[in-house]
Amino acid sequence: MKPQHVLGIDIGGTGIKGALVDLAAGDFVGERFRIETPAKSTPDNVAEVVAQIVDHFSADLGDGPVGITFPAVVQHGTTLSAANVDASWIDAPAEKILAEHLGRPVVLVNDADAAGIAEVKYGAAKDAEGLVIVTTLGTGIGSAIVYNGVLIPNSELGHLEIDGYDAEKRAAASIRTKEGLSYDEYVPRLQRYYETVEFLFTPDLLVVGGGVSKKGHKFLPKLKLRTPIVAAQLQNRAGIVGAAWIAVNG
């Protein structure tokens, strides 16, 4: 029997956050708990903080699995890259390291993949059929590809080369802020990005996440695409919710 409440943890460059997730509702049970990411963010140092978060929820956990997101390509439990964390994560057996520190089963997943599966199971793409592409506009551009509810992991659609540029170097939300672009000035960059994604993948639905999605009404209606494009719904809960779902459902 699958557990109803599962712990999801989101490892980021500045903070490590955890919450119990009700898998029936797709939402938090109680408050989120956060600890700052260690200044020296090696796998062992981060795992010690993750263990503190698990201890915080231990009374409600039992011996079930923990889902953990990480800002890297994750293949068979090994982290092949590292964004905003120590370079020692590259090629590290991260899932094994975390499991040894926690003394319980761990499922490690790319952070954008976790957010994407959460939107498909509970959010803006719930009940959507066919090919769904979820993108997160933030410091860079994260992406998740889901086909008929099944995640195709570790897509890096923020690194598509478009017009000679790494796409996220032109279209990430951080670039809009850095260059002081209005939403009207930002729209042509998003148009070029999403029309390229549309041409390459022919998705049935595009979902836009990241903090900028709260302002989706300022730019999404101005994009001229064949594919429906909508704002994500779960906001900063998506990664934790998705990690918890993947921990149980794979």
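# Two mixed sheets and the helices packed on them

One open sheet has five strands, arranged β3-β2-β1-β4-β7, and its pairing is mixed. A second open sheet, also mixed in pairing, has five strands in the order β10-β9-β8-β13-β14. This is a predicted model, in which local features need pLDDT of at least 70 and side-chain atom pairs count only at pLDDT 80 or more, while totals for chains, interfaces and linings use all residues. Residues are numbered from 1 along each chain as its sequence is written, and side-chain values use heavy atoms, with hydrogens and water left out.

**Terms for strands and helices**

- Helices (H or I, at least four residues) and strands (E, at least two) are DSSP runs, numbered from the N terminus.
- Two strands pair if DSSP finds at least two bridges between them.
- Strands of a sheet pair through backbone hydrogen bonds, either parallel or antiparallel.

**The sheet β3-β2-β1-β4-β7**

- The edges are β3 (27-36) and β7 (106-110), each of which pairs on one side only.
- From one strand to the next, the twist averages 20°; axes are lines fitted to C-alpha atoms, for helices over the stretch in contact, and angles run from 0 to 180 degrees between N-to-C directions.
- Strand β1 (residues 5-11) runs antiparallel to strand β2 (residues 15-22), and seven bridges join them.
- β1 and β2 form a hairpin, with three residues between the two strands.
- Within this pair, valine 6 has valine 21 of β2 as its bridge partner, and aspartate 10 stands opposite lysine 17 in β2.
- β1 also runs parallel to β4, to which four bridges join it.
- Aspartate 10 has threonine 69 as its bridge partner in β4.
- Six of the seven residues of β1 are buried, so the strand is mostly covered; buried means under 20% relative accessible area, exposed over 50%, and partly exposed in between (1.4 Å probe, protein chains only).

**Helices α1 and α2**

- α1 lies across β1, β2, β3 and β4 (66-70), and runs at about 145° to β3.
- α2 lies across β4 and β7, at about 140° to β7.
- The axes of helix α1 (residues 43-56) and helix α2 (residues 94-102) come within 9 Å and cross at roughly 45°.
- α1 and α2 are therefore oblique to each other; angles under 35 degrees count as roughly parallel, over 145 as roughly antiparallel, 65 to 115 as roughly perpendicular and the rest as oblique.
- Residues of α1 that meet α2 include Ala47, Val50, Ala51 and Val54, and the α2 residues they meet are Ile97, Leu98, His101 and Leu102 as a group; contact means heavy atoms within 4.5 Å.
- By class, the contact of α1 with α2 has eight nonpolar, one polar and two charged residues; Ala, Val, Leu, Ile, Met, Phe, Trp, Tyr, Cys and Pro count as nonpolar, Asp, Glu, Lys and Arg as charged, and the others, Gly among them, as polar.

**The sheet β10-β9-β8-β13-β14**

- β10 (150-152) and β14 (229-231) stand at the edges with a single partner strand each, so one side of each has no neighbour in the sheet.
- The twist in this sheet averages 25° from one strand to the next.
- Strand β8 (residues 131-137) and strand β13 (residues 205-209) are parallel and pair over five bridges.
- Valine 134 has valine 207 as its bridge partner in β13.
- Helix α3 (residues 111-121) packs on the sheet and touches β8, β9 (141-147), β10 and β13, with its direction at about 50° to that of β9.
- Helix α6 (residues 183-201) also packs on the sheet, touching β8, β9, β13 and β14, and its direction makes about 150° with that of β8.

**Helices α3 and α7**

- α3 and helix α7 (residues 238-249) pack at an angle of about 80°, and their axes are 7 Å apart.
- That makes α3 roughly perpendicular to α7.
- Their contact has nine nonpolar, two polar and two charged residues.

**Two single residues**

- Leucine 206 lies in strand β13 and is buried, with a relative accessible area of 0%.
- Beyond its neighbours within four places in sequence, leucine 206 is in contact with residues including Ile133, Tyr194, Val197 and Leu225.
- Glycine 123 is in the loop between α3 and β8 and counts as buried, at 8% relative accessibility.
- Not counting residues up to four places away in sequence, glycine 123 touches Ala118, Gln233 and Leu234.
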